[in-house]
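Colleague: I am new to this structure and would love a close look at a single part of it. Could you pick one region where helices pack together and walk me through it slowly?

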Amino acid sequence: MAAYAGRVTPKGEQGQALRADAARNRARVLRVARERLAAGDDSLQLNAIARLAGVGVGTVYRHFPNRHALWEALSAERFQELVDAAQAAAADEDPLAGLHRLLRFALLEASEDSGFAAVLESASDADAQTAALKAELDGAVARLLDRARRSGAIRRDVEADDVRRLLCGIEHAIRSGADDNPKRAEVYLDVLLEGLRPPR
């Protein structure tokens, strides 16, 4: 029998090809998920997304073991924008003004994207990137609150995680209302800001 003269692909190159193929599949799944969201379908059924993306169901579940994991991936860019806004607020010369601006920005982002709001309020994270972004966000907000406390602008017993939870509560209140009135968002936010003031 003649010896095989073809090129044997080294294991390293095989691994690179598999990783590239996995990355393409992941990007295809995310693209389809975004298209479904743009079409008004936020159910994000993984089996349906697999069919529309032309990949196996197992492929989708390897990348995103559940719907929340998919929401995390879809929210990564928006979450980074919130982290950037928090870091800018923490560096503001007026910490109270920075806090007001950050809370309004965060509420707008969460109100526009229910999936992002769910990721923001979740106690556990499927992806290490999400956990890292939350840690960055909490760190920036903690620095901001510390400066605001030192200036006497806010009460001393509120932490970064408290602010995140209160903001998610406002988002729920807005979403559960009978009408989508932006004035209600301002009212709720004003109540939160007033509550952050130190007791008289």
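**Where the helices meet**

Modeller: Let us begin with α5 and α6, which lie oblique to each other because of the angle between their axes. Those axes cross at roughly 120 degrees and come within 5 Å. On the α5 side the contact is made by Glu109, Ala110 and Glu112, while α6 brings Ser114, Phe116 and Ala117. Sorted by character, the residues of this contact of α5 with α6 are three nonpolar, one polar and two charged. Please keep in mind that this is a predicted model.

Before going further, here is the setting. The chain has nine helices and zero strands, so reading from the N terminus you meet α-α-α-α-α-α-α-α-α, by the DSSP runs used here. Of its 200 residues, 36% count as buried. Among contacts with a separation of 6 or more, 69% are between residues 24 or more positions apart.

Now back to Phe116, which you have just met in the contact of α5 with α6. What does Phe116 form with Phe79? The structure holds one aromatic pair, and these two rings make it: they sit edge-to-face, 5.6 Å centre to centre, with 90 degrees between the planes. Phe79 belongs to helix α4 and Phe116 to helix α6 (residues 114-121), so the pair ties together parts that are 37 residues apart in sequence. Are these two residues buried or exposed? Both Phe79 and Phe116 are buried.

Phe79 leads us on to the next packing, since Phe79 is also one of the α4 residues that meet α7. Helix α4 (residues 67-90) and helix α7 (residues 128-150) have axes that come within 9 Å and cross at roughly 20 degrees. An angle under 35 degrees counts as roughly parallel, and α4 and α7 are therefore roughly parallel to each other. The crossing of α4 past α7 is left-handed. From α4, the residues taking part are Glu72, Ala76, Phe79, Gln80, Leu82, Val83, Ala86, Gln87, Ala89 and Ala90. Facing them from α7 are Gln129, Thr130, Leu133, Lys134, Glu136, Leu137, Ala140, Val141, Arg143, Leu144 and Arg147. By character, the residues of the contact of α4 with α7 divide into 12 nonpolar, four polar and five charged.

Helix α7 has another partner to show you, and that is α5 again. Helix α5 (residues 95-112) packs against α7 at an angle of about 140 degrees, and their axes are 8 Å apart. That angle makes α5 oblique to α7. Here too the crossing is left-handed, with α5 passing α7. Pro95, Gly98, Leu99 and Leu102 of α5 make this contact together with Val141, Leu144, Leu145, Arg147 and Ala148 of α7. The residues of the contact of α5 with α7 comprise seven nonpolar, one polar and one charged. If you compare the lists, Val141, Leu144 and Arg147 of α7 appear in the contact with α4 and also in the contact with α5.

Returning to the place where we began, let us see what else touches α5 and α6. Which residues does Glu171 contact, leaving aside its neighbours within four places in sequence? They are Leu107, Ala110, Ser111 and Ala117. Two of these names are familiar, because Ala110 of α5 and Ala117 of α6 take part in the contact of those two helices, where contact means heavy atoms within 4.5 Å. Glu171 itself has its place in helix α8 (residues 160-175). With a relative accessible area of 4%, Glu171 is buried.

Next to Glu171 in number comes Ile170, whose place is also in helix α8. Ile170 counts as buried, at 10% relative accessibility. Again leaving aside neighbours within four places in sequence, Ile170 is in contact with Leu107, Tyr188, Leu189 and Leu192. Leu107 is thus on the contact list of Ile170 and on that of Glu171. The C-alpha atoms of Ile170 and Ala185 are separated by 7.6 Å, and these two are 15 residues apart along the chain.

One last stop lies elsewhere in the chain. Leu44 is found in the loop between α1 (11-38) and α2 (46-53). Although Leu44 is not a glycine, it has a positive phi of about 45 degrees. Leu44 is buried as well, with a relative accessible area of 3%.

Terms used
Residues numbered from 1 in each chain as written. Predicted model: local features only at pLDDT ≥ 70, side-chain atom pairs only at ≥ 80, totals over all residues. Heavy atoms only, no water. Axes fitted to C-alpha atoms, helices over the stretch in contact; angles between N-to-C directions. Helix = DSSP H or I, 4+ residues; strand = E, 2+ residues; numbered from the N terminus. Parallel < 35°, antiparallel > 145°, perpendicular 65-115°, else oblique. Left-handed = near helix turned anticlockwise from the far one by under 90°. Nonpolar A, V, L, I, M, F, W, Y, C, P; charged D, E, K, R; others polar. Phe/Tyr/Trp six-rings, centres within 6.5 Å; stacked < 30°, edge-to-face > 60°. Buried < 20%, exposed > 50% of the residue type's maximum accessible area, 1.4 Å probe, protein only.
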